[in-house]
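User: I would like to learn how to read a predicted model, first overall and then at one residue. Can you take me through it?

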Amino acid sequence: MSSVSTLPFSPSAPLKGILLRVGVVVFLVESLLLAAFVTFDPDGHIWHVLDAPLLTVAVAAVIHYWITSPLDARLARAIGELDDARLIAERLARTDGLTGVLNRRELLDRLKREWLKAERHDAPLSLLMIDIDFFKRINDTYGHQAGDAVLVKVAHVLESACRNCDDIGRYGGEEFCIVLSSTTLCEAAAIAERLIDEVAGISIEHEGQTLAVTLSVGVAQNAGGMTGPGELIKVADCALYRAKHLGRNRVETMEHVLELCPAQ
């Protein structure tokens, strides 16, 4: 994260504008006074007419180049660093600190937005609920650092294998969720199968150990009388439970679980 410089003081307005306005006012006042002096004292030397204006211009130049410009540069630098820090903070507020994918809150917000958009355009919207098989066993056998390495690698594979328009988030623990806009149940199931194959084909190296993982996936679409995104999550979660119950490392869709997990 960028470090933010500390200014010696916080100006209430841009210094350059203030100093230039002050310089102009002083210049005009002194010019008027000296013009009046010359008018009432014609024998005065011409230098007296030019002395104060030239001095004012010289002082203004010194203030500008030695004080105002460095402070303006420092202020601009600090503002840039603050903007960078703000963008980083906003990104961190939206993403999971370990895996870098969306966190649960941001994921649910995006699901709500996609649900409303799908409702407005009468478009399909699908959801994948993904669980890493036997994740607790990995933690218990190899330690939590190995579990973290698995989470990071799986999240990377999911991001790489999905489309740019898909929203991928960590739903909790070893569970991920992917929001697939404008995607039917059949298309979503095909994507889920591809994800399972991608993850099954990777090896994760951790402290001399080679770890292999598989996924179970539940798939649901905005259909069957659902009234909100919460019901879509519920049905996808039931499909995931069925995939795990039937042996893991497989995809199950809502077609087989609606009677067990009704939308209404």
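Analyst: We start with confidence and layout, then turn to a single threonine, Thr99. This is a predicted model, where local features need pLDDT of at least 70, side-chain atom pairs count only at pLDDT 80 or more, and totals for chains, interfaces and linings use all residues. Residues are numbered from 1 along each chain as its sequence is written, and side-chain values use heavy atoms, with hydrogens and water left out.

User: What is the mean pLDDT of the protein?

Analyst: pLDDT is the predictor's confidence in each residue, from 0 to 100. Here the mean is 81, and 67% of residues reach 70 or more. Among the elements, helix 1 (residues 15-40) has the lowest mean, 60, and strand 1 (residues 125-132) the highest, 98.

User: How many helices and strands are there?

Analyst: Helices (H or I, at least four residues) and strands (E, at least two) are DSSP runs, numbered from the N terminus. The protein has 7 helices and 7 strands.

User: Where does Thr99 lie, and is Thr99 buried or exposed?

Analyst: Thr99 sits in the loop between helix 2 (46-94) and helix 3 (104-121). Buried means under 20% relative accessible area, exposed over 50%, partly exposed in between (1.4 Å probe, protein chains only). Thr99 has 10%, so Thr99 is buried. Of the 264 residues, 37% count as buried.

User: Which residues does Thr99 touch?

Analyst: Contact means heavy atoms within 4.5 Å. Leaving out residues up to four places away in sequence, Thr99 touches Leu151, Val152, Ala155, Arg170 and Phe176.
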